Amino acid sequence: MLLSKFLSGEINKLEPVYATDVGYRYPIVEKIVGDPKAVNDFLKQLADVGILKRELYDRTIYCPDCGSAKTSIHYNCPYCKSFDVEKSSLTEHVQCGYIDTEQHFRLGDKLICPRCNKELTRPDVDFRKAGIWCVCNSCSKSFDIPVPSHFCRDCKLTFTFEDASYTDVYRYTLNPEVGRDASAGWIMVNQIRQFLEGKGYKVETPGILKGKSGTSHLFDLTASRRDAVGETLVIDIAAAAEDEVTEQPVIALFAKIYDVSPGCACLIAVPKISENGERMAKLYNIILFETRDPNEVISSLKIVCTKAVG
Ligand SMILES: [Zn+2]
Ligand SMILES: [Zn+2]
Ligand SMILES: [Zn+2]
């Protein structure tokens, strides 16, 4: 389902969405997978087997105690650890080299050098920024580099980087090689879908049907009549890894139709099927198409559908 969203262009890049309470999420994938907690593992598996490509998008800090993503950064005094730290910028009088915080240069609305009393008017010529300077409001000490820590806005814990759980967040794209293979099947499915919808069928790609056993089965396409209580048509597509499709997809389709009992079951083997596969398809009453061309399937379906579903 996720793959078809990539192939149809509905998803181009899968980027996480930030929610202040739980951190990054992938809402589209959550809808498909169901359990939000399973989403990261699901995406990782798809990346591990090479279906998706991932790249680092962000890193997030979670509270080590309560797991909340609602954290802020505190910049602390290195001497007394207080975060009540005043930040100011340093200004340098270029001509005489005197450096101090900006407020020491301020005289009304003018900037006057406290050392040589000259007025500074031209930025980057008379004066320039010379870094930052911090003053601690608790212990009154000054320093240039504060020490950062994190504050959990949920459980109020203050924790250091050392204790933080620091997690990678990824952006995903479809591996273009997988895209080429899958898009051939996808084009096939879509053309058949358009034809069947034109004939008044309600079509799902992929479609899920519940069997007698209570198990739900996934087919590449399911179609049923909107107007009458027609019987269902199911289609699976199997593309050959080598030069021909084995009997495996025939067996898989048979197991599903045995439980679901559709009016008509088709297997499209791209480009052709093994002898054994053909024999088994006949045995199981599966209508077999051996082709790369969706139009060939459609012209046969015109006959098949009329017979099987009416
Ligand atoms: Zn201090
Ligand atoms: Zn000066
Ligand atoms: Zn917390």
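Here are five short exercises with worked solutions on this predicted model.

**Exercise 1. A first zinc site**

Task: Find which residues are the protein donors of the zinc ion (ligand 1), and work out why their arrangement counts as tetrahedral.

Solution:
- Start with the donors. Cys77, Cys80, Cys136 and Cys139 each offer their SG atom to the zinc ion (ligand 1), at 2.3 to 2.4 Å.
- Next, look at the angles. The four donor atoms subtend 104 to 118° around the zinc ion (ligand 1), so the arrangement is tetrahedral. The cut-off used here asks that all angles lie between 85 and 135 degrees.
- Now follow the chain. The donors of this zinc ion are spaced C-x2-C-x55-C-x2-C.
- That spacing includes a pair linking distant parts of the chain: Cys80 sits in the loop between β4 and β5, while Cys136 belongs to strand β9, 56 residues apart.
- Finally, check the accessibility of this pair. Cys80 is partly exposed, at 34% relative accessible area, whereas Cys136 is buried, at 1%.

**Exercise 2. A site with a histidine**

Task: Describe the site of the zinc ion (ligand 2), and say what parts of the chain Cys96 and Cys113 tie together.

Solution:
- Begin with the atoms. The zinc ion (ligand 2) has as protein donors His93 through ND1, and Cys96, Cys113 and Cys116 through SG, lying 2.1 to 2.3 Å from the ion.
- Then turn to the geometry. Angles of 99 to 127° between the four donor atoms make the arrangement around the zinc ion (ligand 2) tetrahedral.
- Read the pattern along the sequence: the donor residues of this ion are spaced H-x2-C-x16-C-x2-C.
- Place the pair. Cys96 lies in the loop between β5 (85–93) and β6 (99–101), and Cys113 in the loop between β8 (110–111) and β9 (127–136), so the pair ties together parts 17 residues apart in sequence.
- Add accessibility. Cys96 counts as partly exposed, at 25% relative accessibility, and Cys113 is buried, at 0%.

**Exercise 3. A third zinc ion**

Task: Identify which residues coordinate the zinc ion (ligand 3), and decide whether Cys152 and Cys155 are buried or partly exposed.

Solution:
- The coordinating atoms are the SG atoms of Cys63, Cys66, Cys152 and Cys155, at 2.3 to 2.4 Å from the zinc ion (ligand 3).
- Along the sequence, these donor residues are spaced C-x2-C-x85-C-x2-C.
- The four donor atoms subtend angles of 105 to 118°, which makes the arrangement around the zinc ion (ligand 3) tetrahedral.
- For the last step, recall that buried means under 20% relative accessible area. Cys152 has 0% and is therefore buried, but Cys155 has 30% and is partly exposed.

**Exercise 4. The surroundings of His74**

Task: Locate His74, decide whether it is buried or exposed, and list what it touches.

Solution:
- His74 belongs to strand β4, residues 71–76.
- With 12% relative accessibility, His74 counts as buried.
- Leaving out residues up to four places away in sequence, the contacts of His74 are Phe83, Val147, Pro148, Ser149 and Phe151.

**Exercise 5. Two places to look outside**

Task: Find which residues form a nonpolar surface patch with Met1, then place Arg122 in the fold.

Solution:
- Met1 comes in the segment before α1 (2–7), and is partly exposed at 46% relative accessible area.
- Ile208 and Leu218 join Met1 in a nonpolar surface patch, with about 300 Å² of accessible area together.
- Arg122 is in the loop between β8 and β9, and is partly exposed at 47%.
- To set its position against another residue, go from C-alpha to C-alpha: Arg122 and Ser88 are 20 Å apart in space and 34 residues apart in sequence.

Conventions. Residues are numbered from 1 along each chain as its sequence is written. Chains are lettered from A and ligands numbered from 1 in the order in which they are written. This is a predicted model: local features need pLDDT of at least 70, side-chain atom pairs count only at pLDDT 80 or more; totals for chains, interfaces and linings use all residues. Side-chain values use heavy atoms; hydrogens and water are left out. Helices (H or I, at least four residues) and strands (E, at least two) are DSSP runs, numbered from the N terminus. Buried means under 20% relative accessible area, exposed over 50%, partly exposed in between (1.4 Å probe, protein chains only). Contact means heavy atoms within 4.5 Å. Donors are N, O and S atoms within 2.8 Å of the metal (3.2 Å for Na, K and Ca); water is not among the atoms, so sites may look incomplete. Four donors count as tetrahedral if all angles lie between 85 and 135 degrees; four count as square planar and six as octahedral if opposite donors are over 155 degrees apart and all others between 65 and 115; anything else is irregular. Patches are made of residues with over 30% relative accessible area and no salt bridge: like charges are joined within 9 Å, nonpolar side chains (Val, Leu, Ile, Met, Phe, Trp, Tyr) within 5 Å. Accessible areas come from the Shrake-Rupley method with a 1.4 Å probe; for residues, only the protein chains shown count as cover. A salt bridge is a side-chain nitrogen of Lys or Arg within 4 Å of a carboxyl oxygen of Asp or Glu.
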